[in-house]
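User: Could you take a close look at the aromatic pairs for me, and then at the charged side chains? I would like the cut-offs along the way, please.

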Amino acid sequence: VSQTTGICESPRAAIVVNVNAGPAITLQPVDINTCATTATFTATATGTNLTYQWFLSTDGGATYTAMTGQTSSTLVLTGLTTAQTNNKYRLVVSSASCSAVTSNAVSVKVGTNPVVVLTAAPVVAFNPYTNGGLFTTVSPVGNYTYLWKRNNNTISNTTTSITRANGLLDDFGSYQVTVTDAATGCFGVSNVVSVSDIPSTNEQLFASPNPTNGMVRISYYSNTTAPQARTVTIYDEKGARLMSKNLTFVGRYGSVDIDLSRQIAGTYIFILRDASGQELAAQKVIKY
């Protein structure tokens, strides 16, 4: 400070000017889809002497209220339920006397892990005459995908059940299915159900339908899944030999079809033999 006239001048004093950097959000929080009861929002900001405050809206973003104790760049939510799916959250970042900035509004879409119960019905031991299968019950109701495993190996079935029509009878073992919500990705894993053969059917020959009006499927149980070369000879009820066919059975309940449509009505005897000609099993089939 000096006089306008004269040469007198006061001592000089240093003045310190602090320039605060205004807050800026460099990493915005993002929406979360979760099947758990916890979720974490994170934001990153730059600026001088930053302070943080998270706000909650329970009316879809119309109004926001400061969340008690939520004063860091990370917001951890616990105890989430599907009722909180429409809540919105945003972060206000301040820096000294500079204008505050507000993050994008984000939400948590809370899904529910489905509960899956796997049941074998009506029995858990099958033979070719047994109708039934493995059936799933899933709650809540939704749009789900199905991943089946047998003995911990994924199988091709993707439907809600496994029945006689899609190969259950040849595939004994332990089954389990994972059910996934197509919208949320939430999933549930069923209990394990073991399906077995009926021991008393070992080395027996089955025919279905019986009686038949033409085509009949014969099935032979074997305790091995390796292909089995067999011969079936068909006799009429008087013992006359009608035909003999070489067959290959595959699977424990290997099956082949025999056409009796050209034969007259009556009773026919099916004799199954191995490659050496030894008789293995016999079955009566009625043609009408």
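Analyst: Happy to! Let's begin with two rings: phenylalanine 41 and tyrosine 89 are both buried, where buried means under 20% relative accessible area, exposed over 50% and partly exposed in between, with a 1.4 Å probe and protein chains only. Before going on, please note that this is a predicted model, in which local features need pLDDT of at least 70 and side-chain atom pairs count only at pLDDT 80 or more, while totals for chains, interfaces and linings use all residues. Residues are numbered from 1 along each chain as its sequence is written, and side-chain values use heavy atoms, with hydrogens and water left out.

A search of the whole structure gives 3 aromatic pairs. Rings of Phe, Tyr and Trp (its six-membered ring) pair if their centres lie within 6.5 Å; planes under 30 degrees apart count as stacked, over 60 as edge-to-face and the rest as tilted. Phenylalanine 41 and tyrosine 89 make a tilted pair, at 5.6 Å centre to centre with 40 degrees between the planes. Phenylalanine 41 belongs to strand β3 (residues 39–42) and tyrosine 89 to strand β8 (residues 88–95), so their pairing ties together parts 48 residues apart in sequence. Strands here are DSSP runs of E with at least two residues, and helices are runs of H or I with at least four, numbered from the N terminus. Ring pairs also bring in Trp54, giving a cluster of Phe41, Trp54 and Tyr89.

Tyrosine 220 and phenylalanine 249 are tilted too, because their ring centres are 6.2 Å apart and their planes stand at 50 degrees. With tyrosine 220 in strand β21 and phenylalanine 249 in strand β23 (residues 241–249), this pair ties together parts 29 residues apart in sequence. Tyrosine 220 is buried at a relative accessible area of 1%, and phenylalanine 249 is buried at 1% relative accessibility.

Now for the charges. Strand β21 (residues 215–221) also holds arginine 217, which is 40 residues from its partner, aspartate 257 in strand β24 (residues 253–259). Their side chains meet in a salt bridge of 2.8 Å, N to O, the term requiring a side-chain nitrogen of Lys or Arg within 4 Å of a carboxyl oxygen of Asp or Glu. The structure holds 1 salt bridge. Aspartate 257 is partly exposed at 38%, and arginine 217 is partly exposed at 44%.

Finally, arginine 90 lies over the face of tyrosine 64, 3.8 Å from the ring centre; this needs NZ of Lys or CZ of Arg within 6 Å of the ring centre and within 35 degrees of the ring normal.
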